[in-house]
Amino acid sequence: MTLSLGQRELRYTRFLNLIYGIVALIKLMNAANLIRFASLSLIAVLGLLSPAYAEGQKLSNPVSQTKPTNQPKPTNQPKPTNQPKPTNQPKPTNQPKPTNQPKPMEEGESNILSPTESSSNILSIEGGDRLMKEIDQAVTSQDYALAVKKLQQARQVYNQLSSLYQQLNSSFTGIDISAADSHRKNALATAQKRDEATYQLALVYRAQNQPELAIPLLVQIITSQNPTRELGTKAYQQLFELGFVKTPFPSQGKK
């Protein structure tokens, strides 16, 4: 069938439109694929750049260190057992308060101490005198054993005192007349008391029928006192009565 010229032009126009449509469709499809490909490429590029960016951030900011990985928590350590509490220490006892300190001396008072009238010191004239009083009580009660003990102590005290005062007298002679004279008198007084205690001890020994102990003491008294003195004469009389000496003194021809 033969187409007319108008029909052929119409068909040719439709064919061209179809071709153009197909070409447009292909272009659209290619554009979509291209956009899809570009998107995927962009995503890939961004994915590659992210680690590098992060590493760059670390290098540019050294303070911000990566957080340490979670370390395993330490296991629960066993709790220490309850230590025994220290026992209550005893409180210190109240210390005795110090005695009252001596008050400062007022104006006009002297700082020189004076000797006390009585002394508890056994090595003193007062100490020896106390022993002699105790001896009198022991003799009165006929406690001769105690009397002998006390008399021996008294003799020792008076003898030591006499020796010490003699040394002081020698030291002060030619230096201080008053002090030397005082020490000389004390030496004589204590020597006299020693001899009196020795005489009483000899009498106690004689009362106990122990002449062998009494005789040496009586001789010591005569040597110390001199026979002409009262205590020396009494000691010699004891020796005569004991039969140790045969010659009386003083002689009967002398008054």
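In this predicted model, the largest nonpolar core runs to 28 residues. Met132, Leu151 and Ala154 are the ones with the most contacts inside that core. Five helices chip in with two or more residues: H2 (125–140), H3 (144–172), H4, H5 and H6. Alanine 154 gives a feel for how the packing goes. Leaving aside residues up to four places away in sequence, alanine 154 touches Leu131, Met132, Ile135 and Ala197. Met132 thus turns up twice, as a partner of alanine 154 and as one of the residues with the most contacts in the core.

Of the core helices, H6 is worth a closer look. Helix H6 covers residues 230–242, 13 residues in all, and spans 19 Å from its first C-alpha to its last, close to the 18 Å expected at 1.5 Å a residue. Its buried residues are Leu231, Gly232, Ala235, Tyr236, Gln238 and Leu239. Looking down the axis of H6, these residues fall within an arc of 150°, so they line one face of the helix. The cover over the buried residues of H6 includes helix H4 (177–207) and helix H5 (211–225). Right after H6 comes glycine 243, with a positive phi near 85°.

Aromatic pairing is quickly told, since a search of the whole structure turns up one pair. The partners are tyrosine 236 and phenylalanine 249, set edge-to-face with 6.0 Å centre to centre and 75° between the planes. The pair ties together distant parts of the chain, 13 residues apart: tyrosine 236 sits in helix H6, while phenylalanine 249 belongs to the segment after H6. As for burial, tyrosine 236 has a relative accessible area of 17%, under the 20% cut-off, and is therefore buried. Phenylalanine 249, at 33% relative accessibility, counts as partly exposed.

A word on confidence. The protein averages a pLDDT of 75, and 62% of the residues score at least 70. Over residues 62–68 the pLDDT drops below 50, and this stretch has one contact in the model beyond near neighbours in sequence. Residues 96–118 also stay under 50; for them, the model has four contacts beyond four places in sequence. Where pLDDT is low, the predicted coordinates should not be read in detail.

Methods: Residues are numbered from 1 along each chain as its sequence is written. This is a predicted model: local features need pLDDT of at least 70, side-chain atom pairs count only at pLDDT 80 or more; totals for chains, interfaces and linings use all residues. Side-chain values use heavy atoms; hydrogens and water are left out. Helices (H or I, at least four residues) and strands (E, at least two) are DSSP runs, numbered from the N terminus. The expected span of a helix is 1.5 Å times one less than its number of residues. Buried means under 20% relative accessible area, exposed over 50%, partly exposed in between (1.4 Å probe, protein chains only). The arc is that of the directions from the helix axis to the C-beta atoms. Contact means heavy atoms within 4.5 Å. pLDDT is the predictor's confidence in each residue, from 0 to 100. A nonpolar core is a set of buried Ala, Val, Leu, Ile, Met, Phe, Trp, Tyr and Cys residues joined through side-chain atoms within 4.5 Å. Rings of Phe, Tyr and Trp (its six-membered ring) pair if their centres lie within 6.5 Å; planes under 30 degrees apart count as stacked, over 60 as edge-to-face and the rest as tilted.
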